[in-house]
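Biologist: I am new to protein models and would like a close look at one part, the surroundings of the ligand. Please walk me through it slowly, and then show me a few spots elsewhere along the chain.

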Amino acid sequence: MCPSKKTSVVSGFYKLPIEKRREFVAQFANLNEDDVKSFSSCLDLATADRMIENVLGTFEVPLGLAVNFLINNKDYIIPMATEESSVVAAASNAAKIARVKGGFSTTCSEPLMIGQLQLLHIKDVAAAAQKIMQHKKQLLTVANAQDKILVDFGGGAKDIEVRILESPLGHMIVTHLIVDVRDAMGANAVNTMCEALAPVLEEITGGIVRLKILSNLADKRLVKATAIFDKEKMGGDQVVDAFLESYVLASIDPYRAATHNKGIMNGIDALIIATGNDFRAIEAGAHAYAARNGQYTSLTQYHKNKDGDLVGKIELPMAVGVVGGAANMHPKAKLCRKILGVKTARELAEVVASLGLAQNFAALFALSTVGIQKGHMSLHAKNIAVMAGAQGDEIEKLADFLVHDGKVKLDYAKELLEKIRKKS
Ligand code: NAD
């Protein structure tokens, strides 16, 4: 079972019992006994009570493992926390096809986040904007005084940008504070800096600062991933063409693009949650970025290369951290980072983007061939079987009948369950 060389390729991983899957992960990621035991444990109440307010308990979702990933020539197994069936299997299948032509390649910009300060009640906005830029050095010094640790790590406030916006209330100045947040997601760090800058900006301009908060449109913190999907593995030229025909709708139509990008986020959110990151921040950034040119569109692009293989690309903002926030507080988030073997926010962002591309490829591949329901059906059938009242061995048996008969429906499941029980 254990691979002699460290590879993320495991055939039939889904058929293994949970204990064997844990053995594989333990060996791949050098997990100790306590790590493995903690797969079965819930977040302790004391930690939960420190994380949010009015805690009653914890809420579990399944944690699965996507295999087969080769990213920048390194093998990854990817923990995914999600309630949706088929997502983990689809990602693993896509990664298997991508490996044939070398897996995923990624690039990432510097971890620059944007903090916004909204300045109102200024008579001459152009003159005020100029004054702000003249005080740039002072503003950066004040911002950096808020976070010596970040500065020591090579990060900190790096730049100031000024925008003049028209609004129903008249002109306003929006000052952007550009902060290198290194290995943090950066929201707290940036918000603290913005709040410290507010009185200084008011003094410089004579205006009033209203909002002082991070922007989730982190378009200076972008990650890109690309992969070549082998045409033979996909089923030949016609399948590649069918794939491209399916893809094109997402590039021109927001109704399709929303669902297309949702499919990308199926993978991305699952890893973001597993690593204790802020999935709302990632979602907001992704969708705002998808609409950056005035029309909401696909976050991925595809074309055929000269060999007839399919080339896929994804680009999106990726404000993730390996320090700070819940990433450091949640024991399972730490364990998931250990499984991934990522040490930096940059490496995590690159894995996230690759997973998003894999997820999108898998969905479009299914849609342009057998349709999306086939993959969904076997787990969905089990859920229907449980809803119909099946217990123990009955669940698997009833689900198999439902899939075989092509009728994964509750009324049919109840009818069949009665028959199964009468027979036995
Ligand atoms: P944080 O403040 O907990 O941690 C970041 C801090 O860790 C840095 O400021 C730095 O002082 C320190 N640090 C230590 N080692 C570091 C390293 N190698 N690189 C960078 N920093 C290092 O967390 P954060 O990342 O500033 O904020 C993330 C949290 O903010 C998340 O929980 C998020 O949900 C929340 N949040 C989000 C929003 C939003 O997205 N709009 C708004 C408010 C809060």
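Modeller: We will start at the ligand and then visit some helices and single residues.

First, a word on what you are looking at. This is a predicted model, in which local features need pLDDT of at least 70 and side-chain atom pairs count only at pLDDT 80 or more, while totals for chains, interfaces and linings use all residues. Residues are numbered from 1 along each chain as its sequence is written, and side-chain values use heavy atoms, with hydrogens and water left out.

Now to the ligand. There are 21 residues around it, and D147, G186, A189, N216 and D278 come nearest; a residue is near if one of its heavy atoms lies within 4 Å of the molecule. Sorted by class, this shell holds eleven nonpolar, six polar and four charged residues. Here Ala, Val, Leu, Ile, Met, Phe, Trp, Tyr, Cys and Pro count as nonpolar, Asp, Glu, Lys and Arg as charged, and the others, Gly among them, as polar.

Which helices help to build the shell? Both α7 (148-152) and α8 (187-205) supply at least two residues each, and α8 gives the most, with four residues. Helices are DSSP runs of H or I with at least four residues, strands are runs of E with at least two, and both are numbered from the N terminus.

Next, look at the backbone. A polar backbone atom of N188 is 3.0 Å from an oxygen atom of the ligand. For A189, a backbone N or O atom lies 2.9 Å from a ligand oxygen. G325 also has a polar backbone atom 3.0 Å from an oxygen atom of the ligand. Taken on its own, the ligand has 860 Å² of accessible area, and the protein covers 75% of it; such areas come from the Shrake-Rupley method with a 1.4 Å probe.

Let's step back to the domains. The chain is assigned domain 1 (13-109 + 221-369), domain 2 (112-214) and domain 3 (374-423), with bounds from an automatic or database domain assignment. The ligand lies between domain 1 and domain 2, because both give residues to its shell. The centres of domain 1 and domain 3, taken over C-alpha atoms, are separated by 30 Å.

Here are the other stops. E283 belongs to helix α12 (residues 279-290), and its side chain is joined to that of H287 by a polar contact of 2.8 Å. A polar contact is a pair of N or O atoms within 3.5 Å; within protein, one must be able to donate a hydrogen and the other to accept it, and residues adjacent in sequence count only if both atoms are side-chain atoms. Leaving out residues up to four places away in sequence, E283 touches M265 and D269, where contact means heavy atoms within 4.5 Å.

In helix α11 you will find H260, which is buried, with a relative accessible area of 2%. Buried means under 20% relative accessible area, exposed over 50%, and partly exposed in between (1.4 Å probe, protein chains only).

Finally, helix α13 (residues 331-340) has the buried residues A333, L335, C336, R337, I339 and L340. Among the elements they pack against are α1 (18-29), β1 (63-71) and α14 (345-368). P331, also in α13, is partly exposed at 47%. After α13 comes G341, with a positive phi near 75°.
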